[in-house]
Amino acid sequence: GSIIRAPAEAIKSTVQSGNAGSAPEAVQKVFSERGRQNIFNAWSASVWRDVPFGAIQLAIFELIKSFILNSPDIDFDSSTLLSEAIIGAFAGGVGALVTNPFDIITTRIITQTPNEDEGEKPLGIIGMGRRVYEENGVQAFAVGWEARVGYWAPAISIFLSVYCSVRQAGVVNSWFPTN
């Protein structure tokens, strides 16, 4: 997915940042020699964003469901579509919040415009992280967290509740081989 997603995110971010006036212009910039280096740097940063994001959301989702199932004092059915959607939204929101710093770094890598005439090279993860910190301090890594959480919480809510519903239907209807 990242082979397609990284260039697509780079094209979107290039247009949104004003570094290109249109999608076709962004495609040209993204696939230029410098643009390809930015994609590689951004892909590397996105791995640091996306892998922990997935791990955090799934771990929180499963831990909450397991805690509820194993707590006799809690009278709550964590297997309903609504409860899985709520737990999924919480898990996705936490994952999005925790990984926001790497989203900042990824976006900044994609949208950077080094002055090649002065010998500037595109920055990677460490260099861009350092630049973000030097420009605006620790609080710079929290910029946009509300939008990120607001986007991912419902998306993960839908994803995990649908996944669990399909998984449960498959178990009930013997869609999966057991041997």
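# Working through a predicted helical model

The mean pLDDT of the protein chain is 91, and 99% of its residues reach 70 or more. This is a predicted model, so let's begin with confidence and then move on to the helices, the salt bridges and the surface.

## Exercise 1: Confidence by element

**Task.** Find which element has the lowest mean pLDDT and which has the highest.

**Solution.** Start with the low end: among the elements of the protein chain, α1 has the lowest mean pLDDT, at 83. Then go to the other end, where α4 has the highest, at 97. As a reading habit, where pLDDT is low, the predicted coordinates should not be read in detail.

## Exercise 2: Checking helix α4

**Task.** Work out what span helix α4 should have, and compare it with the distance between its end C-alpha atoms.

**Solution.** Take the helix from residue 81 to residue 98, which gives 18 residues. The expected span is 1.5 Å times one less than the number of residues, and for α4 this comes to 26 Å. Now look at the model: the end C-alpha atoms are 26 Å apart, which agrees.

**Task.** Which residues of α4 are buried, and what covers them?

**Solution.** Go along the helix and mark Ser 83, Glu 84, Ala 85, Ile 87, Gly 88, Ala 91, Gly 92, Gly 93, Gly 95 and Ala 96, which are buried. Next, turn to the surroundings: the cover includes α3 (33-69), α5 (100-111) and α7 (145-172).

## Exercise 3: Glu 84 and Ser 78

**Task.** Decide whether Glu 84 is buried or exposed, and list what it touches beyond four places in sequence.

**Solution.** First, place Glu 84 in helix α4. Its relative accessibility is 4%, so Glu 84 counts as buried, the cut-off being under 20%. Leaving out residues up to four places away in sequence, Glu 84 touches Phe 61, Lys 65, Ser 78, Ser 79, Ser 161, Cys 164 and Ser 165.

**Task.** Where is Ser 78 found, and what does it touch?

**Solution.** Look in the loop between α3 and α4 for Ser 78. With a relative accessible area of 1%, this serine is buried. Apart from residues up to four places away in sequence, Ser 78 touches Lys 65, Ile 68, Leu 69, Ser 83, Glu 84 and Ile 87.

## Exercise 4: Salt bridges

**Task.** How many salt bridges does the structure hold, and what does the pair Glu 9 and Arg 49 link?

**Solution.** The structure holds seven salt bridges. In one of them, the side chains of Glu 9 and Arg 49 meet at 3.0 Å, N to O. This pair links distant parts of the chain, with Glu 9 in helix α1 (residues 2-16) and Arg 49 in helix α3, 40 residues apart. Both Glu 9 and Arg 49 are buried.

**Task.** Which helices does the pair Arg 148 and Asp 103 tie together, and are its residues buried or exposed?

**Solution.** Begin with the distance: the side chains of Arg 148 and Asp 103 meet in a salt bridge at 3.7 Å, N to O. Arg 148 lies in helix α7 and Asp 103 in helix α5, so the pair ties together parts that are 45 residues apart in sequence. Finish with accessibility: Arg 148 counts as buried at 8%, and Asp 103 counts as buried at 18%.

**Task.** Describe the pair Glu 135 and Arg 108.

**Solution.** The side chains of Glu 135 and Arg 108 meet in a salt bridge at 2.7 Å, N to O. The two ends sit in distant parts of the chain, Glu 135 in helix α6 (residues 125-136) and Arg 108 in helix α5, 27 residues apart. Glu 135 is partly exposed, with a relative accessible area of 46%, and Arg 108 is partly exposed, with 25%.

Now step back to the network: salt bridges that share partners join Arg 5, Glu 9, Arg 49, Asp 50, Asp 103 and Arg 148.

## Exercise 5: After α7

**Task.** Which residues make the nonpolar surface patch, and is Trp 175 buried or exposed?

**Solution.** Collect Ile 158, Val 162, Val 166, Val 171, Trp 175 and Phe 176, which make a patch of about 610 Å². Trp 175 lies in the segment after α7, and at 52% relative accessibility this tryptophan counts as exposed, the cut-off being over 50%.

**Task.** What is notable about the phi of Ser 174?

**Solution.** Recall that most residues other than glycine have a negative phi. Ser 174 has a positive phi of about 55° although it is not a glycine. Ser 174 lies in the segment after α7 and, at 59% relative accessibility, counts as exposed.

Definitions and conventions. Residues numbered from 1 in each chain as written. Predicted model: local features only at pLDDT ≥ 70, side-chain atom pairs only at ≥ 80, totals over all residues. Heavy atoms only, no water. Helix = DSSP H or I, 4+ residues; strand = E, 2+ residues; numbered from the N terminus. Buried < 20%, exposed > 50% of the residue type's maximum accessible area, 1.4 Å probe, protein only. Contact = heavy atoms within 4.5 Å. Patch = residues over 30% accessible without salt bridge, like charges linked within 9 Å, V, L, I, M, F, W, Y side chains within 5 Å. Areas by Shrake-Rupley, 256 points an atom, 1.4 Å probe, with all protein chains shown as cover. Salt bridge = Lys/Arg side-chain N within 4 Å of Asp/Glu carboxyl O. pLDDT = per-residue confidence, 0-100.
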